[in-house]
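Here are some notes to go with the model, written for someone opening it fresh. Have it on screen and follow along point by point.

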Amino acid sequence: MRIKRTSAEPGEHEIAQKRIRAIFYRSEAGGEPVRDWLKSLRKEERKLIGQDIMTVEFGWPVGMPVSRPLGQGLHEVRTDLPGNRIARVLFYVDHFSRMVLLHGFIKKTPATPADDLKLARNNKAKHQRGLI
């Protein structure tokens, strides 16, 4: 992870600040699907995914291999997990410059499954309606 540090005076360093802050999408019923999905994973997997989310928070905009755009305002955080598994967290950046974590899953095919994209888009639309 690359964190840009700024210098107030020679030899002094400020703590790097997040460019965007990650938040969990919350459903109408109060559930947080990405948080629940993360809790179902092993601790070391959660840590790896969390590190990649943090890389996006501090380095936004971030490109490959950590993140890439999926179109229609959606992006993905890409995490390689032990055991040759691949995790994805789909998100969008709202008009408050927050990284809204919409959907997480373990990828089983080369392309992002249409059902996962549809779910993330639906969650994005619900979140946007709640902000108006």
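1. Let's begin with a loop: where does P65 lie? P65 sits in the loop between α2 and β2. One thing to keep in mind from here on is that this is a predicted model. The peptide bond leading from M64 into P65 is cis, with omega near 10°. That loop between α2 and β2 is also the place of P61, and a cis peptide bond joins W60 and P61, with omega about -5°. As background, most peptide bonds are trans.

2. Now the overall layout. The protein chain has three helices and five strands, and along the sequence they come in the pattern β-α-α-β-β-β-β-α. Of the 132 residues in the chain, 39% are buried. Take the contacts with a separation of 6 or more: residues 24 or more positions apart account for 50% of them. The chain exposes about 8,300 Å², and carbon and sulfur atoms supply 52% of that area.

3. Next, follow the strands, and start with β5. 10 of its 10 residues are buried, so β5 is largely enclosed by the rest of the structure. β5 pairs with β1 in parallel through four bridges, and F24 has L101 in β5 as its bridge partner. β5 also runs antiparallel to β4, with eight bridges joining the two. Here A87 is matched with I106 in β5.

4. β2 and β3 are also worth a look. They pair in the antiparallel sense over four bridges, and R68 stands opposite E76 in β3. The two strands form a hairpin with two residues between them, and Q72 in the turn has a positive phi of about 55°.

5. Two other spots have a backbone angle to check. Most residues other than glycine have a negative phi. N84, which is not a glycine, has a positive phi of about 60°. N84 is found in the loop between β3 and β4, and it counts as exposed because its relative accessibility is 78%. S97 is the other spot: its phi is near 60°, again positive in a residue other than glycine. S97 belongs to the hairpin of β4 and β5, which has four residues between the strands. With 40% relative accessibility, S97 counts as partly exposed.

6. On to the inside. The largest nonpolar core has 18 residues, and those with the most contacts inside it are W37, I49, V56, V89 and M99. α1 (33-39), α2 (43-59), β3, β4 and β5 each supply at least two residues of this core. There is also a second, separate core of 11 residues, which includes Y25, V100, F105 and L117.

7. If you want one residue to click on, try V89. Which residues touch V89, leaving aside its neighbours within four places in sequence? Its contacts are V34, W37, I49, I53, H75, E76, V77, L101, H103 and G104.

8. Now α2, where I49 and V56 from the core list turn up again among the buried residues. The others buried in this helix are E45, D52, I53, T55, E57 and F58. What covers the buried residues of α2 includes β1, α1, β2, β3, β4 and β5. As for its length, the 17 residues of α2 should span 24 Å at 1.5 Å a residue, and its end C-alpha atoms are 24 Å apart, which agrees.

9. Finish with α3, residues 114-131. This helix has 18 residues and reaches 26 Å from its first C-alpha to its last, close to the 26 Å expected at 1.5 Å a residue. Which residues of α3 are buried? They are D116, L117, A120, N123, K124 and H127. These buried residues cover an arc of only 130° around the axis, which puts them on the same side of α3. On the other side, A114, D115, K118 and R129 are exposed. The cover over the buried residues of α3 includes β1 (21-24), β2 (67-71), β3 (74-81), β4 (85-93) and β5 (98-107). L117, one of the buried residues here, is also part of the second core.

Notes. Residues are numbered from 1 along each chain as its sequence is written. This is a predicted model: local features need pLDDT of at least 70, side-chain atom pairs count only at pLDDT 80 or more; totals for chains, interfaces and linings use all residues. Side-chain values use heavy atoms; hydrogens and water are left out. The expected span of a helix is 1.5 Å times one less than its number of residues. Buried means under 20% relative accessible area, exposed over 50%, partly exposed in between (1.4 Å probe, protein chains only). The arc is that of the directions from the helix axis to the C-beta atoms. Contact means heavy atoms within 4.5 Å. Two strands pair if DSSP finds at least two bridges between them. A nonpolar core is a set of buried Ala, Val, Leu, Ile, Met, Phe, Trp, Tyr and Cys residues joined through side-chain atoms within 4.5 Å. Accessible areas come from the Shrake-Rupley method with a 1.4 Å probe; for residues, only the protein chains shown count as cover.
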